[in-house]
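I set out to record how the helices of this chain meet, and then to look up a few single residues. The entries follow in the order in which I made them.

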Amino acid sequence: YVHFHLISSQVQQSTKSVVLLEIFVSILSLNLSEPAYGADIAKLKYKLVAGEHGLVIRVKGFNHKLPLLLQLIIDHVSEFSFTPAVFDMIKEELKKTYFNMLIKPEVLAKDLHRVILEHGKWSVIDKYRRLMKGLSAESLLSFVKAFKSQLFVEGLAQGNLTC
């Protein structure tokens with residue numbers, strides 16, 4: 001089990017940054033779906049999450065090929081690219097996700113509860129409003145560049161590992 005947290009000060013600066021991180025992670029997951037298919041067949045699992053302070057990468061499995069999967073993910077992060085059609089598709093999916101969260105009272109109540117209790121937490125309402133104002137593909141590219149330029153990494157590795 002290997003868990004890396006790519007932390008950047010860019011993430012919590014505004015709701016725009018938080019939404020752009022979620023779009024970045026969604027596009028990254030989509031870009032990895034085909035090249036990482038072999039890892040899934042080999043029972044290696046990975047998960048990319050838009051965390052509170054950055055990108056969380058989780059990989060796990062009982063195989064010596066785990067470093068190759070991690071390298072594949074890191075390569076896709078460092079050489080991030082997308083088409084405008086993919087950007088628009090992910091943006092629309094995120095709008096639907098936010099809207100579905102807003103129409104469920106129990107989810108909205110939990111989200112507002114977290115916003116009140118946790119410092120620096122952005123509500124779903126704020127993120128939905130920001131997404132509805134519009135975001136460009138250029139803003140995503142500039143965010144990703146800034147995200148990678150101010151990056152700190154925390155990691156945890158558990159299991160039978162050799163250095």
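Entry 1. Before listing any residues, I fix the term: I take two residues to be in contact when heavy atoms lie within 4.5 Å. I also note at the outset that the model is predicted.

Entry 2. Helix α1 against helix α4.
I looked up which residues of α1 meet α4. From α1 I list Val19, Glu22, Ile23, Ser26, Ile27 and Leu30, and from α4 I list Val86, Phe87, Met89, Ile90, Lys91, Leu94 and Tyr98. Sorted by class, the residues of this contact are ten nonpolar, one polar and two charged. Helix α1 covers residues 15-33 and helix α4 covers residues 84-102; their axes are 10 Å apart and the packing angle is about 120°. I therefore enter α1 as oblique to α4, since an angle of 65 to 115 degrees would have counted as roughly perpendicular and one over 145 as roughly antiparallel. The crossing of α1 past α4 is right-handed.

Entry 3. Helix α1 against helix α3.
I next turned to α3, which spans residues 66-78. Its axis lies 10 Å from that of α1, at an angle of about 125°. The pair is therefore oblique as well, and α1 passes α3 in a right-handed crossing. On the α1 side I find Phe24, Leu28, Asn31 and Leu32; on the α3 side I find Leu72, Ile73, His76 and Val77. By class I record six nonpolar residues, two polar and no charged ones.

Entry 4. Helix α1 against helix α6.
How are α1 and α6 oriented to each other? I read an angle of about 80° between them, with the axes 9 Å apart. The two helices are therefore roughly perpendicular, because the angle falls in the range of 65 to 115 degrees. Thr15, Lys16, Val18, Val19, Glu22 and Ile23 of α1 meet Asp126, Lys127, Arg130 and Leu131 of α6. I class the residues of this contact as four nonpolar, one polar and five charged.

Entry 5. Lys127.
I then followed one residue of that contact. Lys127 sits in helix α6, which runs over residues 124-133. Is Lys127 buried or exposed? Its relative accessible area is 10%, so I enter Lys127 as buried, the limit being under 20%. Its side chain makes a polar contact with the side chain of Glu22 at 3.1 Å. Setting aside residues up to four places away in sequence, I find that Lys127 touches Val18, Val19, Glu22, Tyr98 and Trp122. I note that Glu22 and Val19 are also listed among the α1 residues that meet α4, and that Tyr98 is listed there on the α4 side.

Entry 6. The loop before α1.
Gln13 lies in the loop between β1, residues 2-8, and α1. With a relative accessible area of 51%, Gln13 is exposed, as the cut-off is over 50%. I looked up how far Gln13 is from Leu72: the two are 59 residues apart along the chain, and their C-alpha atoms are separated by 29 Å. Ser14 belongs to the loop between β1 and α1 and, at 26% relative accessibility, is partly exposed. Ser14 and Trp122 are 108 residues apart in sequence, yet their C-alpha atoms are 8.4 Å apart in space.

Entry 7. Lys43.
I checked Lys43 for its backbone: its phi is positive, about 65°, although it is not a glycine. Lys43 is located in the loop between α2 (37-41) and β2 (45-50). I enter Lys43 as exposed, at 61% relative accessibility.

Entry 8. Val153.
Which residues does Val153 contact, leaving aside its neighbours within four places in sequence? I find Phe4, His5 and Leu6. Val153 itself is in strand β4, residues 151-157, and counts as exposed at 52% relative accessibility. From Val153 to Ile116 I read a C-alpha separation of 28 Å, for 37 residues along the chain.

Conventions: Residues are numbered from 1 along each chain as its sequence is written. This is a predicted model: local features need pLDDT of at least 70, side-chain atom pairs count only at pLDDT 80 or more; totals for chains, interfaces and linings use all residues. Side-chain values use heavy atoms; hydrogens and water are left out. Helices (H or I, at least four residues) and strands (E, at least two) are DSSP runs, numbered from the N terminus. Buried means under 20% relative accessible area, exposed over 50%, partly exposed in between (1.4 Å probe, protein chains only). A polar contact is a pair of N or O atoms within 3.5 Å; within protein, one must be able to donate a hydrogen and the other to accept it, and residues adjacent in sequence count only if both atoms are side-chain atoms. Axes are lines fitted to C-alpha atoms, for helices over the stretch in contact, and angles run from 0 to 180 degrees between N-to-C directions. Angles under 35 degrees count as roughly parallel, over 145 as roughly antiparallel, 65 to 115 as roughly perpendicular and the rest as oblique. A crossing is left-handed if the near helix is turned anticlockwise from the far one by less than a right angle, and right-handed if clockwise. Ala, Val, Leu, Ile, Met, Phe, Trp, Tyr, Cys and Pro count as nonpolar, Asp, Glu, Lys and Arg as charged, and the others, Gly among them, as polar.
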